[in-house]
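Please look at the structure below. Then let us ask how each label is earned.

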Amino acid sequence: MKPFIEKARLEEIIKEIPTPFHIYDERGIRENFRKFKQAFSWNKGFKEYFAVKATPNPSIMRILLEEGAGFDCASYTELLMANDVLKSFAFDGSPGEKLSPTVSTKSASGGSPGEKLSPTVSTKSASGGSPLMFSSNVTPDEDFLLAAQIGAIINLDDFTHIEVLDRLCGIPETISCRYNPGGEFKTDESGNVMDIPKDAKYGFTHEQLIEGYRVLKAKGAKKFGVHSFLASNTLTNDYYPALAKIMFKLAVELKEKTGISLSFINLSGGVGVAYRPEQKPNDIKLIGEGVKAVFEEILVPAGMGDVSIFTELGRFITAPYGALVATALREKHIYKEYIGLDACAANLMRPAIYGAYHHISVMGKENEPHDYKYDITGGLCENNDKFAIDRMLPKIELGDIIYIHDTGAHGFSMGYNYNGKLRSAEVLLCEDGSHKLIRRAETPDDYFATLRY
Ligand SMILES: *Cc1c(COP(=O)(O)O)cnc(C)c1O
């Protein structure tokens with residue numbers, strides 16, 4: 001696995017922006033997104049709603065918007081951010097779908113959630129939908145209201161939310177429901193269990209879903225979608241096709257039982273990336289073809305060939321195109337060999353909470369023998385604050401630049417402030433080779449800003 005930036009270039013950036021920071025590769029993000037879009041271009045209404053939680057930075061979101069993505073939000077703040085990005089895009093008069101900006105989210109955040117906001121964007125874009133999806137759960141009233149006001153497609157997580165939304169602001173014309181089929185989820189080919197939906201907190205049961213669409217229709221909804229997210233970080237080209245099969249059959253059943261013809265089917269997130277060098281990355285072209293085959297097998301014969309496919313990928317879109325850059329700060333020789341970094345789990349939580357593997361390169365030593373065994377740690381007073389355990393690496397000198405791969409999704413965004421550790425900066429490596437600070441590092445003042453004493 002190779003870093004997407006050369007050591008000399010990284011050293012230049014570090015002179016200006018001290019480590020630790022996350023750096024993102026604009027070129028990689030754009031190229032990958034184009035391949036992904038191409039793989040689903042057979043579907044006329046296809047749209048990716050980038051899962052904002054993966055990389056909630058307007059500069060990254062702006063790149064994805066330029067490539068044709070919308071945004072999937074799950075909270076009030078994510079809605080505000082996505083709406084701001086849409087507005088900046090519309091004001092700059094960039095090419096793409098015509099968007100008509102209206103709402104200032106600044107006032108929305110300051111004002112009461114009930115204040116009247118008109119939709120940011122025309123809901124009659126090319127794909128016939130909104131550029132915003134709202135797939136939340138345990139949704140507070142003000143989140144529902146904001147989503148409705150800015151014209152996001154609301155994807156209800158539960159049957160009881162129908163009543164809540166109706167009471168708050170009425171059922172919008174376009175509405176989506178999240179499906180939880182229960183049981184265990186297996187792919188067709190291998191039969192391996194990928195995840196256990198019956199243990200997941202999300203979505204309607206099958207019965208609730210059928211009844212839910214009946215109720216929504218009676219309450220005046222006109223366009224319907226369905227959403228499901230059954231497994232995370234899958235490393236098989238079968239996940240989306242297997243999920244699509246379940247969803248497409250469900251769409252046919254819904255039509256028979258309720259008379260509702262779905263406008264879109266949202267396959268959500270879950271297409272994973274190869275974090276380990278020995279893993280085989282997903283082939284997005286094959287995944288697109290796999291979904292197409294099921295589409296032609298099930299939906300087309302049922303007269304539903306005009307259904308739009310939506311996705312809400314996060315990890316697949318940005319994970320490989322981000323890295324956490326840190327410096328080797330301290331060494332320790334006790335029962336094991338340790339290298340301590342100026343970054344810690346507060347900057348990248350995945351190894352600590354999931355035991356997740358992130359590949360590590362010692363910049364400039366990629367081709368040296370990997371004959372030293374280290375634990376690479378941060379400085380939290382938590383023994384799980386380890387980026388790697390028993391990792392074979394080249395001999396590390398203090399001051400070496402440590403490059404932790406694949407942090408572009410669910411990396412910075414899962415950060416926290418334990419031990420008073422501060423969130424890092426984020427840097428964009430632009431397509432033309434220049435770089436941009438797209439988020440400054442936190443300072444102690446930021447940490448103290450919310451305290452009252
Ligand atoms: C987290 C999430 C996603 C994105 O998941 P990835 O694994 O990053 O692709 C999409 N939709 C919803 C509702 C999510 O919660």
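Q: Why does N282 count as buried?
A: N282 has 11% relative accessibility. Buried means under 20% relative accessible area, exposed means over 50%, and partly exposed lies in between (1.4 Å probe, protein chains only). The value is under the cut-off, so N282 counts as buried.

Q: What kind of model is this, and how are residues numbered?
A: The model is predicted: local features need pLDDT of at least 70, side-chain atom pairs count only at pLDDT 80 or more, and totals for chains, interfaces and linings use all residues. Residues are numbered from 1 along each chain as its sequence is written, and side-chain values use heavy atoms, with hydrogens and water left out.

Q: Where is N282, and what makes its side chain a polar contact partner?
A: N282 is in the loop between β10 (264–266) and α10 (284–299). Helices (H or I, at least four residues) and strands (E, at least two) are DSSP runs, numbered from the N terminus. A polar atom of the N282 side chain lies 3.0 Å from the backbone nitrogen of T236. The backbone oxygen of G272 also lies 3.0 Å from a polar atom of that side chain. A polar contact is a pair of N or O atoms within 3.5 Å; within protein, one must be able to donate a hydrogen and the other to accept it, and residues adjacent in sequence count only if both atoms are side-chain atoms. The T236 distance is within the limit, so it fits the definition.

Q: What makes T139 buried, and which side chain does it contact?
A: T139 has a relative accessible area of 11%, so it is buried. Its side chain makes a polar contact with the side chain of S136, at 2.6 Å. T139 is in the loop between β4 (132–135) and α6 (141–149).

Q: Why is E337 called partly exposed?
A: E337 has 31% relative accessibility, so it counts as partly exposed. E337 is in strand β13 (residues 337–341).

Q: Is D406 buried or exposed, and what is notable about its phi?
A: D406 is buried, because its relative accessible area is 7%. Its phi is near 60°, a positive value in a residue other than glycine. D390 also has a positive phi, near 50°. D390 is partly exposed, because its relative accessible area is 39%.

Q: How do you know which residues surround the ligand?
A: A residue is near a molecule or strand if one of its heavy atoms lies within 4 Å of it. By that rule 16 residues surround the ligand, and the closest are K53, G270, E312, R315 and H410.

Q: Which atoms of the ligand pair with protein atoms, and how much of the ligand is covered?
A: An oxygen atom of the ligand is 2.7 Å from a side-chain N or O atom of H410. Another pair joins a ligand oxygen atom and a backbone N or O atom of G314, at 3.1 Å. A ligand nitrogen atom is 3.2 Å from an N or O atom in the S268 side chain. Taken alone, the ligand exposes 390 Å², and the protein buries 91% of that. Accessible areas come from the Shrake-Rupley method with a 1.4 Å probe; for residues, only the protein chains shown count as cover.

Q: Where is the cis peptide bond?
A: A cis peptide bond joins T19 and P20, with omega about 0°. P20 is in the loop between α1 (7–16) and β1 (21–25).
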